[in-house]
Amino acid sequence: MQFALITLASVLFIVDPIAAIPTYLVITRNESATERRRTALRACVAMTIILIAFAAVGRYLFQALGITLPAFRVAGGLILGLVAFDMLRGERSTQEGRTEVREGEEKDDVALTPLAIPILAGPGAISTVMVLNGEADVWLHRVAVFGAILVTGMLSYLSLRL
């Protein structure tokens, strides 16, 4: 249970759907309520699939590239440190910047990019799920990782919808 709670908190806070709301509102301001709802759903489903895919194949990707889990923990820790410093300054430069917002305003469909990637499923979220699933030694821990991703996807959709 402790691993599941830590995993859920880690994934939810690194995705940070509440912080994505202002950007979501800006890049969908020309859409109707129905289109916004559809955009939010597609973005959250895409984000969930992306994080599940990286969690599932992360271990094999490490092996294929010859990367050890401790080495990736260091790299992931540096990414999470950058994300944390951005959060302290009230910025999200590792997930969204002026470029992403400007591109989003100009695109007809913003669900996959920039909303799903990099705003919701940014480098911090991807590295977090890869490390968490890499540390999951028993099947119950792996279920907790995938469950945390699913719950985060649902809470992200609710946040954007509200």
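Two salt bridges are present in the structure, which is a predicted model. In one of them, the side chains of Asp109 and Arg42 meet with a nitrogen-to-oxygen distance of 2.8 Å. This pair links distant parts of the chain, since Asp109 is placed in the loop between helix H5 (98-106) and helix H6 (111-120), whereas Arg42 belongs to helix H3 (residues 33-65), 67 residues apart. Asp109 counts as partly exposed because its relative accessibility is 33%, a value that falls between the limits of 20% for buried and 50% for exposed residues. Arg42, with a relative accessibility of 40%, likewise counts as partly exposed.

The other salt bridge joins Arg73 with Glu135, and the closest N and O atoms of this pair are 2.9 Å apart. Arg73 is found in helix H4 (residues 69-89) and Glu135 in helix H7 (residues 123-135), so the contact ties together parts of the chain that are 62 residues apart in sequence. Arg73 has a relative accessible area of 37% and is therefore partly exposed, and Glu135 also counts as partly exposed, at 30% relative accessibility.

Helix H7, to which Glu135 belongs, was examined further for its length and its surroundings. At 1.5 Å a residue, the 13 residues of H7 should span 18 Å, and the end C-alpha atoms of H7 are indeed 18 Å apart, so the expected and computed spans agree. The helix is mostly covered, with 11 of its 13 residues buried. The buried residues are Gly124, Ala125, Ile126, Ser127, Thr128, Val129, Met130, Val131, Leu132, Asn133 and Gly134. The elements that cover these buried residues include helix H1 (2-15), together with H3, H4, H6 and H8. Two of the covering helices thus also appear in the salt bridges described above, as H3 holds Arg42 and H4 holds Arg73.

On the surface, a nonpolar patch is formed by Leu150, Val151, Met154, Leu155, Leu158 and Leu162, which together have about 590 Å² of accessible area. Among these residues, Leu155 is located in helix H8 (residues 139-161), and Leu158 lies in helix H8 as well. An α-helix has 3.6 residues a turn, so residues three or four places apart point the same way. Leu155 is partly exposed, because its relative accessible area is 34%, and Leu158, at 46% relative accessibility, also counts as partly exposed. The C-alpha atom of Leu158 is separated by 16 Å from that of Thr28, a residue 130 residues apart from Leu158 along the chain.

Methods. Residues are numbered from 1 along each chain as its sequence is written. This is a predicted model: local features need pLDDT of at least 70, side-chain atom pairs count only at pLDDT 80 or more; totals for chains, interfaces and linings use all residues. Side-chain values use heavy atoms; hydrogens and water are left out. Patches are made of residues with over 30% relative accessible area and no salt bridge: like charges are joined within 9 Å, nonpolar side chains (Val, Leu, Ile, Met, Phe, Trp, Tyr) within 5 Å. Accessible areas come from the Shrake-Rupley method with a 1.4 Å probe; for residues, only the protein chains shown count as cover. A salt bridge is a side-chain nitrogen of Lys or Arg within 4 Å of a carboxyl oxygen of Asp or Glu. Helices (H or I, at least four residues) and strands (E, at least two) are DSSP runs, numbered from the N terminus. Buried means under 20% relative accessible area, exposed over 50%, partly exposed in between (1.4 Å probe, protein chains only). The expected span of a helix is 1.5 Å times one less than its number of residues. Contact means heavy atoms within 4.5 Å.
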